[in-house]
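Biologist: Please take a close look at a single part of this model, and then work outward from that part to the rest of the chain. I would like every term to come with the cut-offs behind it.

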Amino acid sequence: MCGIVGYTGPREAYPIVIKGLKRLEYRGYDSTGVALHNGKLNVYKKKGKVAELEDSIVGTNLHSHIGIGHTRWATHGEPSDRNAHPHQSASGQLAMIHNGIIENYNQLKQELINKGYSFRSDTDTEVLLNFIEEIKKNNECSLEEAVRVALKRVTGAYVILLMDESDPETIIAARKGSPLVIGVGKGEHFLGSDASPMLEYTKEVVYVNDYELAIVRPDELILKNLGNEKITPYVQKLDIELAAIEKGGYEHFMLKEIYEQPQTVYDCLRGRLDAAAGTITMSGIQQYAEQIINANRIVMVACGTSWHAGLVAEYIFEELCRINVEVEYASEFRYRNPVINKGDVIIAISQSGETADTLVAIENAKNNGAIILGVVNVVGSSIARMSHAGAYTHAGPEIGVASTKAFTAQLAVLTMIALKIGYIKGTIPQDRYLRLLKELEEVPEKVAWTLKHADNIKALAEKYKEARDFLYLGRGYNFPVALEGALKLKEISYIHAEGYPAAEMKHGPIALVDENLPVVFVATRDSYHEKVVSNMQEIKARKGKVISVISEGDETSAALSEDVMVVPEADEILAPMLSVIPLQLLAYYIGLARGCDVDKPRNLAKSVTVE
Ligand code: M6R
């Protein structure tokens with residue numbers, strides 16, 4: 001993970017770099033650092049968040065027209081001042097920041113130790129930096145050449161940015177497996193892990209590809225491959241507005257993103273779904289429709305919340321398309337030597353489009369002949385580019401570490417794909433197809449209704465905030481929602497929570513139930529409802545505290561529950577887009593009531609670009 005920022009041009013670099021780092025803090029916030037050039041290289045770094053670094057260097061002369069900055073999510077070496085980036089080479093001539101992992105750093109370190117090097121930090125970054133410096137010294141070559149030679153020896157993933165004391169205008173950058181965007185301004189260039197640090201300065205960006213190296217000066221951007229051949233930069237226009245990455249009056253990004261969902265689901269459906277005409281327009285999916293219909297199986301590959309979206313989609317695809325579906329954790333799938341046949345279709349689900357495990361999993365599958373479809377939020381991200389085709393979720397930038405609006409948008413896209421394929425294949429009766437299209441069109445309104453009727457959730461949070469454990473139960477389409485509710489609570493409030501299929505509970509977890517255990521049922525009215533009501537009785541009989549997400553007007557479930565959160569009636573296929581919303585709010589308010597930093601929970605980062 002980690003966030004990286006760079007600037008070279010006529011403006012003061014420090015404010016640009018610091019503001020950029022604040023926007024990238026969602027990627028990691030264990031420690032922060034910047035390197036500037038004011039006649040010589042100056043490095044300032046510190047354990048903690050960006051604001052702590054800022055406070056610690058108030059009053060320092062930070063004048064510089066070039067700068068690089070880093071916000072870290074620790075991999076090698078604990079979060080500390082000395083492990084913070086930028087690192088400086090043994091001579092002090094070079095400064096470098098790095099996002100990723102150098103897998104063979106031990107071997108390189110040993111070679112350097114044999115040559116007399118010693119290290120100030122525990123990081124793989126410092127090893128790579130000194131390795132570059134050693135090559136530069138031995139080969140008497142330019143920094144650019146030394147980086148190229150070094151990277152040919154490196155295994156692992158990286159984005160690196162380097163500054164050289166003897167060249168106060170140039171940043172050398174390279175990438176493999178971690179994201180790098182370069183913003184092209186007039187007589188200036190910006191670098192970032194994503195485009196957010198450069199949004200107010202330029203909309204013209206270049207997404208650097210794996211195995212590419214960039215030489216970035218104020219009025220020059222040279223891209224090369226590791227074979228030293230020049231590549232013409234492909235400049236793209238961004239269509240994100242600054243407002244999309246600001247809090248807009250909300251206390252936290254997470255709350256803003258929860259409340260954006262009526263709009264984000266609408267944006268996701270817009271231009272695709274036309275219920276009156278009975279059509280779903282998705283050109284990328286249309287192109288591969290025949291292969292999907294004839295697929296031996298569909299494998300959903302994802303991590304975390306995106307994996308939960310895949311689980312809901314498994315039920316939907318099997319129901320509507322009658323195709324065998326498997327849902328895989330990308331981290332398991334990539335290492336397991338899975339059997340992949342030519343007719344397999346892989347659907348990679350990812351908000352960031354940069355999750356390392358998902359990326360490598362689909363790369364392996366692609367090499368084995370599978371068709372890769374991406375359901376991705378970030379336009380131009382690595383997973384989107386690795387996919388043969390797909391559909392963007394159009395949820396806009398998601399900055400809160402806990403994924404919320406990305407999940408409902410993923411469900412909307414996956415539902416549309418299933419409806420489209422089922423319709424072409426003839427596995428959905430015409431009247432059900434048309435009814436589902438109409439109901440899907442109503443989902444944004446129903447999400448808005450749910451948010452309007454959520455006033456009691458803050459009080460519930462106060463009531464249950466001291467609980468040590470939570471159990472989340474659901475069946476059918478609501479089972480993955482139970483998993484998602486538990487994940488949200490864990491990551492935001494640090495309360496232990498488990499999600500379970502409601503019927504499976506009696507095979508073990510029921511032993512946990514006593515008067516202290518809140519049990520959250522996701523119990524909207526669907527074909528499993530009677531069974532879920534029986535499960536509620538079982539919990540109640542053992543004095544567990546039943547809290548339920550129920551459909552409006554469901555008196556039976558309400559009577560069995562100590563507290564309820566209400567959502568509007570919906571077809572069971574669409575219900576998860578509604579039933580998850582009270583659970584997002586419950587996690588948010590419990591986290592808040594416990595004094596947790598909900599946008600930046602401890603130990604986490606927004607995109608997990610390391611394995
Ligand atoms: O960007 P991705 O959707 O690929 O990320 C996958 C997970 O890392 C992510 O969903 C994570 O579990 C979130 N923190 C959940 O809120």
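Modeller: Helix H1 covers residues 13-24, and at 1.5 Å a residue its 12 residues should span 16 Å, which agrees with the 16 Å between its end C-alpha atoms. The expected span here is 1.5 Å times one less than the number of residues in the helix, while helices (H or I, at least four residues) and strands (E, at least two) are DSSP runs numbered from the N terminus. This is a predicted model, in which local features need pLDDT of at least 70 and side-chain atom pairs count only at pLDDT 80 or more, whereas totals for chains, interfaces and linings use all residues. Residues are numbered from 1 along each chain as its sequence is written, and side-chain values use heavy atoms, with hydrogens and water left out.

Nine of the 12 residues of H1 are buried, so the helix is largely enclosed by the rest of the structure; buried means under 20% relative accessible area, exposed means over 50%, and partly exposed lies in between, for a 1.4 Å probe and protein chains only. The buried residues of H1 are Ala13, Tyr14, Ile16, Val17, Ile18, Gly20, Leu21, Arg23 and Leu24.

Helix H10 (residues 304-321) can be checked in the same manner: its 18 residues should span 26 Å at 1.5 Å a residue, and the 25 Å between its end C-alpha atoms agrees with that. In H10, 14 of the 18 residues are buried, so this helix too is largely enclosed by the rest of the structure. Arginine 322, just after H10, takes a positive phi of about 50 degrees.

Working outward, the domain assignment of the chain gives domain 1 (3-244), domain 2 (248-452) and domain 3 (457-593), with bounds that come from an automatic or database assignment. The centres of domain 1 and domain 3, taken over C-alpha atoms, are separated by 45 Å.

Among the strands, seven form an open sheet with antiparallel pairing, in the order S5-S6-S7-S8-S12-S13-S14. Its edge strands are S5 (87-88) and S14 (230-231), each of which pairs on one side only; two strands count as paired if DSSP finds at least two bridges between them. Within this sheet, S12 (residues 212-217) and S13 (residues 220-225) run antiparallel and are joined by six bridges, with leucine 213 standing opposite lysine 224 in S13.

Strand S26 (residues 545-551) is mostly covered, since six of its seven residues are buried. It runs parallel to S25 (residues 518-523), to which six bridges join it, and it also runs parallel to S27 (residues 563-567), through five bridges. Isoleucine 547 takes part on both sides: valine 520 stands opposite isoleucine 547, and aspartate 563 is the bridge partner of isoleucine 547 in S27. Helix H18 (residues 529-541) completes a right-handed β-α-β unit with S25 and S26, and helix H19 (residues 555-560) does so with S26 and S27; right-handed means that, with the strands pointing away from the viewer, the path from the first strand over the helix to the second runs clockwise.

Turning to side chains, there are nine aromatic pairs in the structure. The ring centres of tyrosine 423 and tyrosine 433 are 4.0 Å apart and their planes lie at 20 degrees, so this pair is stacked. Tyrosine 423 belongs to helix H14 (residues 405-425) and tyrosine 433 to helix H15 (residues 430-452), so the pair ties together parts that are 10 residues apart in sequence. Tyrosine 423 is partly exposed at 36% relative accessible area, whereas tyrosine 433 counts as buried at 2%. Tyrosine 464 and phenylalanine 470 form an edge-to-face pair, 6.5 Å centre to centre with 70 degrees between the planes, and they count as buried, at 4% for tyrosine 464 and 2% for phenylalanine 470. For all of these, rings of Phe, Tyr and Trp (its six-membered ring) pair if their centres lie within 6.5 Å, planes under 30 degrees apart being stacked, over 60 edge-to-face and the rest tilted. Ring pairs also link Tyr7, Phe190 and Tyr201 into a cluster.

Finally, the structure holds zero disulfides. Cysteine 268 is in none, the nearest cysteine sulfur being that of cysteine 321 at 17 Å, whereas a disulfide is a pair of cysteine sulfur atoms within 2.5 Å. Cysteine 268 is buried at 0% relative accessible area, and cysteine 596 is buried at 13%.
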